[in-house]
2 protein chains.
Amino acid sequence: MSLVSAKEILDGKVAIGSAVTLAGWVRTRRDSKAGFSFLAINDGSCFNNVQAVVSKDLENYENEVLKLTTSCSVVVEGTLVESQGQGQSCEIQASAVKVLGFVEDPDTYPMSAKRHSVEYLRQYAHLRPRTNLMGAVMRIRNTLAYAIHSFFQENGFMWVSTPLITASDCEGAGEMFTVTSLDLNNVPKDDKGGVDYSQDFFGRHAYLTVSGQLNVETYACAFSKVYTFGPTFRAEDSNTSRHLSEFWMCEPEMAFTDLDGCAEVAEKLLKYVFKKVLELRRDDMEFIVQRVDSDAINRLEKFINSDFAKVDYTDAIDILLKCDKKFEYPVAWGIDLQSEHERYLAEEHFKSPVVVKNYPKDIKAFYMRMNDDGKTVAAMDVLAPGIGEIIGGSQREDRLELLDKRIEEMGLNKDAYWWYRDLRRYGSVPHSGFGLGFERLIVYITGVGNVRDAIPFPRTPKNADF
Amino acid sequence: MSLVSAKEILDGKVAIGSAVTLAGWVRTRRDSKAGFSFLAINDGSCFNNVQAVVSKDLENYENEVLKLTTSCSVVVEGTLVESQGQGQSCEIQASAVKVLGFVEDPDTYPMSAKRHSVEYLRQYAHLRPRTNLMGAVMRIRNTLAYAIHSFFQENGFMWVSTPLITASDCEGAGEMFTVTSLDLNNVPKDDKGGVDYSQDFFGRHAYLTVSGQLNVETYACAFSKVYTFGPTFRAEDSNTSRHLSEFWMCEPEMAFTDLDGCAEVAEKLLKYVFKKVLELRRDDMEFIVQRVDSDAINRLEKFINSDFAKVDYTDAIDILLKCDKKFEYPVAWGIDLQSEHERYLAEEHFKSPVVVKNYPKDIKAFYMRMNDDGKTVAAMDVLAPGIGEIIGGSQREDRLELLDKRIEEMGLNKDAYWWYRDLRRYGSVPHSGFGLGFERLIVYITGVGNVRDAIPFPRTPKNADF
């Protein structure tokens, strides 16, 4: 059987009058007294359903068609015709409806055709993609992921898969999971009584990475423009709407690029992917506006049309100190900006996305480039109205002496960084990069309030179901 | 500074006579007696270097330019002119050469401009992308990855990120790593004396996944056509040229698709990505032909122009039994085909890629669809001349009763598969999918003999360096 997709039909790619075969799942069935049934069929290729009009004359009408319920799988053969009814421009006049699979006991089917809470849906992560909400979010996720790849590929960046298993316990960006093949019932000990990791799979203590940045810098120093896009991990016991133990991150890294160049790429990337979502996932975004967040489309359009403001951290602190707003967390030079501060800057002061630059060195990582003032480093955060920080990045310290100084100041082990330091010994170049949390970006776009609803199978403390 | 890339220059995107600024790393320096130096500059954007002609009249000629060695980083400003010399059509007449970074002690620089063994290069995984070989392989890897995404996106597939951390110990495809946040010096015990995983991060024993297939099937049953493309793991102590502990895999899954439909997608995918590599990475492939495998381009071209042969496993066994070839592993119905058998079929018998279908159920996984003969399942392998198995897939068992029977026969725990079984209870559909090991595909394309040279930072037993 040669199938057409609902998307092809609804995008007008199939001529009226054509013979068509559509396979999918019934969303709803409505029976008319005139001896017809209307099946709304969804195949996941787009948000909207295709309507099939089924006459009682079909031989399996009584026995099968009238027993169809939500999520039954069917193949409909027929002719594509202009619709007489409201709500769709075309529909299938069915000449045959083949039922592939019924739903066992429709009364207890967990995804019945009514509204369920997101908390309820999470218990059925294997069935929730069949709902309008998760269908829309996951199609947006897909479009966004491919848009990220397309942006970088079109702009000469090379994708690099940095390793997830790492023996560097020196990343410092968060708590790490241990990866082991040791029998935990019988952990081998060394002669000092500690764990004998020499007997472990990798011959030493191995972890799941918290960032591909240090690794991808090595590739930026050979291919100039590179990016990672893959999973990262945090073993933090954070049960919040913004934290996952396993999440996807995109980390571009650019040689011959300073902090301003880095901010420019961040701005172009965000605008590019938002445009793609509005262009390619209009149907899903319209549903989001209707059911989740009435401002969703408007927010993206405003973002795309904004010029990013730019402000030094020091000036941003001044703005926060001088404004009338009462903040929960007190403002002073040297603090890490809190969400309330970030949102004030983006939403109330600048009324646009804003790049805050040159943060105090003491609140930032060792690898960020020291500014001439000796107090700040070339770090940047992109703050977006409605969410706060959406991107964090920096120019990297490319001067070996200054890098070593920071490694020592922060009490890190210089030897562990031998290969990272090599990049500064052999043809060092100015380079910059940033990190973009993929699920947080999806939350920003769709307005779903929790990153657990932005990834197919969320991993969080005490939860690795499915 | 507004940079152009070497690729833009060499692709003819920059007009002769233009002022250009190129940043990159010196590959070689050649000094002419006439008072010029020729710098071959590579920025990683393509295989070939751009030649810069530097006159002794530049103020830093004696002090800096004459000290440039392999991997020094420079910014060259000048005019793009037609080249007088051989080997390039255009070159930069430099008006300024800014040295960004010298190489500390060129005599001990590990990536000096000579041929190094691949084993040697692996010790410098952070510097090896600067070599011709690894540069070519990694650019091919990038082109291939994006081609995989593009193929699926253009054909209406949705990318799904399946979880890497899993609590299912029931995947059965290989040995799994444990993921834990327990203190291994002090593993908590339950009242039976076993490990108390309830105190672990996820509240139970968690692992790194060996395949996203079972998870992605849930999305195929909502979106029809989906694929994963991400890392997978094996805790197997296999020190071979074909095994990595962490590798990337692509797993498409298609609803309403039987085994033949599945084989068709596999054929289209491979041909599509090979075409993209030949089209977009011609320079890198020409280097591969010259230095690694003289048949590399020819092999792909033949593959693209082949019609895939199709043969039942039972008939393939007959062919192997009747041929004159002596095999190391004896042939009999029921065996798993060995590499020597696969290669005989593809290289000597069919002389083309071949799809072997319908394998004995006893050598295949529980989830493959039982054929009517009760002896074989709807599994397939795609065998390619020159390598053997390149893709493995199957139609999935979509009938609950038969699935349960197999789960029981194989001694698996039915309850653990509750969500997988749900797909067969609620609107079950025929569906199929396959797995494509990404690094093995790169090995096939490039002829590098070892998967460790097909991934930036290989993880293998006793090795998680960098």
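A salt bridge here is a side-chain nitrogen of Lys or Arg within 4 Å of a carboxyl oxygen of Asp or Glu. By that criterion, the whole structure, which is a predicted model, holds 58 salt bridges over all chains. Side chains of opposite charge can pair when their charged atoms come close. Several of these pairs are described below, after the overall layout.

Chain A is built from twelve helices and 16 strands. Its C-alpha atoms fill a box of roughly 85 × 60 × 45 Å along the principal axes. Of its 466 residues, 62% count as buried. Among the contacts in chain A between residues at least 6 apart in sequence, 67% join residues at least 24 apart.

The two chains can be compared by superposition. Two copies of a chain are related by a rotation about an axis and a shift along it. In this model, a turn of 180 degrees with a shift of 0.0 Å along the axis lays chain B on chain A with an RMSD of 0.0 Å. The two copies are thus related as by a two-fold rotation axis. The residue of chain B that comes closest to this axis is B:V179, whose C-alpha is at 2.4 Å. The copies meet through the same surface, because 100% of the interface residues of chain B are also interface residues in chain A.

Next comes the sheet. In chain A, eight strands form an open sheet with mixed pairing, in the order β6-β10-β11-β16-β15-β14-β13-β12. Its edge strands are β6 (158–159) and β12, each of which pairs on one side only. Strand β12 (residues 309–312) of chain A has side chains that alternate. A:A309 and A:V311 point to one face and are buried, while A:K310 and A:D312 point to the other face and are not buried. The partner of β12(A) is strand β13 (residues 354–360) of chain A, and the two run parallel over four bridges. Within this pairing, A:V311 stands opposite A:V356 in β13(A). Helix α8 (residues 313–322) of chain A lies across both β12 and β13 of chain A, at about 95 degrees to β12(A).

Elsewhere in the sheet, strands β14 (residues 376–384) and β15 (residues 388–395) of chain A pair in the antiparallel sense over six bridges. A:A384 has A:G388 in β15(A) as its bridge partner.

Charged residues in the interior can be followed from A:E217. Where does A:E217 lie? A:E217 is in helix α4 (residues 213–223) of chain A. With a relative accessible area of 0%, A:E217 is buried, since a residue counts as buried under 20%. Apart from residues up to four places away in sequence, A:E217 touches A:E253, A:R396, A:Y420, A:L423, A:R424 and A:H431. Which residues join A:E217 in a network of salt bridges? The network links A:E217 with A:E253, A:R396 and A:R424.

Individual salt bridges can be described in chain B. B:E217 pairs with B:R424, the closest N and O atoms being 2.9 Å apart. B:E217 belongs to helix α4 (residues 213–223) and B:R424 to helix α11 (residues 418–425) of chain B, so the pair ties together parts that are 207 residues apart in sequence. Both B:E217 and B:R424 are buried. A second salt bridge joins B:R396 to B:E253, with 2.8 Å between the closest N and O atoms. B:R396 sits in the loop between β15 (388–395) and α10 (400–409) of chain B, and B:E253 in strand β11 (residues 246–255), 143 residues apart. B:R396 and B:E253 are both buried.

Another pair, B:K364 and B:D381, has its closest N and O atoms 4.0 Å apart. B:K364 is in the loop between β13 (354–360) and β14 (376–384) of chain B and B:D381 in strand β14, so this salt bridge ties together parts that are 17 residues apart in sequence. Both B:K364 and B:D381 are buried.

The last topic is the nonpolar interior. In soluble globular proteins, nonpolar side chains tend to be buried together. The largest nonpolar core has 124 residues, of which A:L270, A:F274, A:M380, B:L270, B:F274 and B:M380 touch the most other members. Leaving aside neighbours within four places in sequence, A:F274 is in contact with A:L300, A:F303, A:I304, A:L441, A:Y444 and A:I445.

Key. Residues numbered from 1 in each chain as written. Chains lettered and ligands numbered in written order. Predicted model: local features only at pLDDT ≥ 70, side-chain atom pairs only at ≥ 80, totals over all residues. Heavy atoms only, no water. Buried < 20%, exposed > 50% of the residue type's maximum accessible area, 1.4 Å probe, protein only. Contact = heavy atoms within 4.5 Å. Pairing = 2+ DSSP bridges. Axes fitted to C-alpha atoms, helices over the stretch in contact; angles between N-to-C directions. Least-squares fit on C-alpha atoms with pLDDT ≥ 70 in both. Core = buried A, V, L, I, M, F, W, Y, C linked by side-chain atoms within 4.5 Å.
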